[in-house]
Protein chains: 2
Amino acid sequence: MTTSPLLANLIEALRCLPGVGGKSAQRMAFHLLERDRDRGLKLADALREAMQRIGQCQRCRNFSEEALCAICGGASRDRQLLCVVESPVDLAAIEQATGYRGQYFVLHGRLSPLDGLGPEELGLPLLVQRLGEGEVEELIIATNPTVEGEATAHYLAQLARAGGIRPTRLAHGVPLGGELEFVDRGTLAHAFGGRQLL
Amino acid sequence: MTTSPLLANLIEALRCLPGVGGKSAQRMAFHLLERDRDRGLKLADALREAMQRIGQCQRCRNFSEEALCAICGGASRDRQLLCVVESPVDLAAIEQATGYRGQYFVLHGRLSPLDGLGPEELGLPLLVQRLGEGEVEELIIATNPTVEGEATAHYLAQLARAGGIRPTRLAHGVPLGGELEFVDRGTLAHAFGGRQLL
Ligand SMILES: [Zn+2]
Ligand SMILES: [Zn+2]
């Protein structure tokens, strides 16, 4: 298909990107080689640095290359509000769409026994410890409105109540079966503002 | 927007890819970090190797990490047919869509005096030397059907005739003003098969 093994290798490697098939991978590779080698090299560096050095914040499990992320390490965010999300991309969506000024906890998944995802894998012991510190007054449960997300929300609400903390859930408005990541900003902001006591 | 500077840097760097805006760059970065770090690292290596080591074939100017690409260095391709294209992506499109078994010459552009692209920049001295070797009988001119591509084709046809070589042009069928890269395979194969004497 191509006369250069390194080029064939690059086209294949680009297909690890979501939404990139063979034809767009080829266009990307040719574009970088023909017009943008400097930025191609910068992308290589950025990828290597990010893949190797980004870990999890010790407190909220969000992506961070520091022990504490900027939200947990700073003093500007409200410590009475804690919002639980399935993934860092949901956290980013809430940050971008709403005026939320509280803190977060990232599950990196949802309860799914068949996939081997239980309370340990989702970091729930760390969350329980956090709820026991006495600062959190409201646990905003922003798992996705899927079957597993709802089951996870139910479990988290029980944890909150057991600790004397008010559990809330995003208001209806998030489409059933949808993923937070793909909800438009207005809907997400509305649902966030109208969150309800569970 | 994100709490990790390395992540913000990766999202920005991904936007060098054609067709990738802020939203898809973010999705790509989160996907790799959350689910596919190994392939992210492989992509970093593939990018670095390709950007640094892929140069041009000495004979046809196609992308190659060797002095001669597989087409020029091998013995299996017909040396009487020489197809001139504007860019390596056009060469790839012809290879994928047609049964062409001849050789190629890549201009890496088209005649465009205002952009400082003249015969030297397009490697035409190398092409003239090749035409003078006596092997080529037909020069298939596959520049894009744009104003500059047509002007370049006209210039190349004169070079061919001056060397006693038959210049041909892809048959109509390639849409006017279109780019070869985006023509569907069937149309391109048809146009290639029906190329005409200039
Ligand atoms: Zn944190
Ligand atoms: Zn070659």
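**Tour of a zinc site and a two-chain interface**

Start by selecting B:Cys60: with a relative accessible area of 2%, this residue is buried, since buried means under 20% relative accessible area. Keep in mind throughout that this is a predicted model.

Next, add B:Cys57, which also counts as buried, at 2% relative accessibility. Now show the zinc ion (ligand 2). B:Cys57 and B:Cys60 are among its protein donors, together with B:Cys69 and B:Cys72. Each of these cysteines donates through SG, and the donors lie 2.3 to 2.4 Å from the zinc ion. Along the sequence, the donor residues follow the spacing C-x2-C-x8-C-x2-C. Display the angles at the metal: the four donor atoms subtend 105 to 118°, so the arrangement is tetrahedral, as all angles must lie between 85 and 135 degrees for that label.

Zoom out and colour by chain. A turn of 180° with a shift of 0.0 Å along the axis lays chain B on chain A with an RMSD of 0.0 Å. The two copies are therefore related as by a two-fold rotation axis. To find that axis from chain B, select B:Ala44, whose C-alpha is the nearest in the chain, at 2.1 Å.

Then select the contact residues: 56 from chain B and 56 from chain A. Both copies use the same surface, with 100% of the contact residues of chain B recurring in chain A. About 5700 Å² is buried between the chains, and carbon and sulfur atoms give 67% of that area.

Which residue of chain B forms a salt bridge with A:Asp45? Select B:Arg48; the closest N and O atoms are 2.6 Å apart. Between the chains the count is two salt bridges, and 14 residue pairs are in polar contact.

Conventions: Residues are numbered from 1 along each chain as its sequence is written. Chains are lettered from A and ligands numbered from 1 in the order in which they are written. This is a predicted model: local features need pLDDT of at least 70, side-chain atom pairs count only at pLDDT 80 or more; totals for chains, interfaces and linings use all residues. Side-chain values use heavy atoms; hydrogens and water are left out. Donors are N, O and S atoms within 2.8 Å of the metal (3.2 Å for Na, K and Ca); water is not among the atoms, so sites may look incomplete. Four donors count as tetrahedral if all angles lie between 85 and 135 degrees; four count as square planar and six as octahedral if opposite donors are over 155 degrees apart and all others between 65 and 115; anything else is irregular. Buried means under 20% relative accessible area, exposed over 50%, partly exposed in between (1.4 Å probe, protein chains only). Copies are superposed by least squares on the C-alpha atoms of residues with pLDDT of at least 70 in both. Contact means heavy atoms within 4.5 Å. Buried area is the accessible area (1.4 Å probe) that two parts lose on being put together, summed over both. A salt bridge is a side-chain nitrogen of Lys or Arg within 4 Å of a carboxyl oxygen of Asp or Glu. A polar contact is a pair of N or O atoms within 3.5 Å; within protein, one must be able to donate a hydrogen and the other to accept it, and residues adjacent in sequence count only if both atoms are side-chain atoms.
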